[in-house]
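Open the model in a viewer and keep the sequence panel beside it. Each stop below gives a selection and then what is found there.

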Amino acid sequence: MRTRIAAPVLVGALALAALAAPTAAVAATPGPVLTHASWTSNVFGVSGKTTMGVNITAYDAKGVRSIRLAAFPLALVGRTGLPTKADLLEGPATPATSTTATTETVKHAQVISYHPGDLPPNAFAGEWGVAVLVTAKDGHTTFYQEATTFSWKRADQLAVAANATSVHKGGAVTLKGKLNRANWDLGTWQGYGSQWVKVQFRKAGTGTWVTEQWARTATDGSVRVNLRDYASGAWRLSYGGNAASAAATSGATSVTVK
């Protein structure tokens, strides 16, 4: 099937979940419909554990026979095209968790362990679309080519340290940090360059972080910030993330002003 693209462990564990269809699409469809659906977006590092969940319910007055699902990275839609009804018919129906006379529900939530090789290529990070095919017991079907979206993002790590733990008021302080991003292709962490990070300060005795300035990471992901410190407190770096990469915040490094 041209559009069936999935990491073997992660996607296979939940058989690719579907998400909610737009209200207008449901109202205009005479066949079976999705009445509830949800999927948890996830952030993946190189290896670890994450919770994946799906909760889908389809309805038809004569009963629902099956629900078929397929997820696809939207970054590749231009090259591979959207899934078709025929594509979904090639795959198995997703096992139902519960059924009634008129509904079928697929509901799973589980912790997934993953390792290098279980993840999709880096190019697949970002927004994913979900195609859904619902078949009623009388044979009528409803196909949602792009029911909705969820995201799979590459994890980021951010570290920072100050060159001194105490300085005189107005003294110079240098912060050195590093932004690393998970490389799914290689199964390792690599420096993430040309990214803007916030340089934040929390004055001693307060709980509020204030952005003092911005800094841009070098090609290898490193960042160096020279500043003057006028009050005791803590410094940190914060990265907001983007469409394919998750946000990250460093730990705090404290500096006492004498």
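Select strand S7, residues 126-136, together with strand S4: the two run antiparallel and are joined by 9 bridges. One rung of this ladder can be picked out by residue, since the bridge partner of Pro73 is Trp128 in S7. The model is a predicted one.

Now widen the selection to the whole sheet. Its 4 strands are ordered S2-S8-S7-S4, the sheet is open, and the pairing is mixed. Strand S2 (42-44) and strand S4 (64-73) are the edge strands, each pairing on one side only. From one strand to the next the twist averages 30 degrees.

Stay on S4 and select Ser66, which is found in that strand. Is Ser66 buried or exposed? With a relative accessible area of 7%, Ser66 is buried, because the cut-off for buried is under 20%. Show its side chain: there is a polar contact of 3.2 Å with the side chain of Arg68. Leaving aside residues up to four places away in sequence, Ser66 touches Ala93, Glu104, Leu133, Val134 and Thr135.

Next, select S1, S3, S6 and S5. These make an open sheet of 4 strands in the order S1-S3-S6-S5, with antiparallel pairing. Strand S1 (33-39) and strand S5 (98-99) stand at the edges with a single partner strand each, so one side of each has no neighbour in the sheet. Within this sheet, S1 pairs with strand S3 (residues 48-59) in the antiparallel sense over 6 bridges. To find one of these pairings, select Leu34 and its bridge partner in S3, Ala58.

Move to Val111, whose place is in strand S6. Is this residue buried or exposed? Val111 has a relative accessible area of 53% and is exposed, because exposed means over 50%. Select its surroundings: not counting residues up to four places away in sequence, Val111 touches Lys49, Thr50 and Thr51. A distance label between the C-alpha atoms of Val111 and Gly53 should read 8.7 Å, although the two residues are 58 apart along the chain.

The next stop is the nonpolar interior. In soluble globular proteins, nonpolar side chains tend to be buried together. Which members of the largest nonpolar core touch the most other members? Of its 32 residues, they are Leu34, Ile56, Ile67, Val132, Phe150, Trp152 and Trp184. The elements giving two or more residues to this core are S1, S3, S4, strand S6 (103-114), S7 and strand S8 (141-154). Apart from it lies another core, of 20 residues; select Val167, Leu179, Val199 and Trp235, which are among them.

Now display the aromatic rings. A search of the whole structure finds 10 aromatic pairs. Select Phe44 and Tyr114: this pair is edge-to-face, with 5.3 Å centre to centre and 90 degrees between the planes. Phe44 is in strand S2 and Tyr114 in strand S6, and the pair links distant parts of the chain, 70 residues apart. Both Phe44 and Tyr114 are buried.

Then select Trp128 and Trp152, a tilted pair at 4.8 Å centre to centre with 50 degrees between the planes. Trp128 lies in strand S7 and Trp152 in strand S8, so this pair ties together parts that are 24 residues apart in sequence. Both Trp128 and Trp152 are buried. Extend the selection to Trp39, Phe44, Tyr114, Phe124, Trp128, Phe150, Trp152 and Trp184, which form one aromatic cluster.

For the last local stop, select strand S11 (residues 171-183) and strand S12 (residues 188-191), which run antiparallel and are joined by 4 bridges. The bridge partner of Arg181 is Gln190, in S12. S11 and S12 form a hairpin with 4 residues between them. In the turn, Gly187 has a positive phi of about 70 degrees.

Finally, clear the selection and view the whole protein. Its secondary structure comes to 4 helices and 18 strands. Of the 258 residues, 48% are buried. Among contacts between residues at least 6 apart in sequence, 69% join residues at least 24 apart.

How values were computed: Residues numbered from 1 in each chain as written. Predicted model: local features only at pLDDT ≥ 70, side-chain atom pairs only at ≥ 80, totals over all residues. Heavy atoms only, no water. Pairing = 2+ DSSP bridges. Axes fitted to C-alpha atoms, helices over the stretch in contact; angles between N-to-C directions. Buried < 20%, exposed > 50% of the residue type's maximum accessible area, 1.4 Å probe, protein only. Polar contact = N/O pair within 3.5 Å; in protein donor to acceptor, adjacent residues only side chain to side chain. Contact = heavy atoms within 4.5 Å. Core = buried A, V, L, I, M, F, W, Y, C linked by side-chain atoms within 4.5 Å. Phe/Tyr/Trp six-rings, centres within 6.5 Å; stacked < 30°, edge-to-face > 60°.
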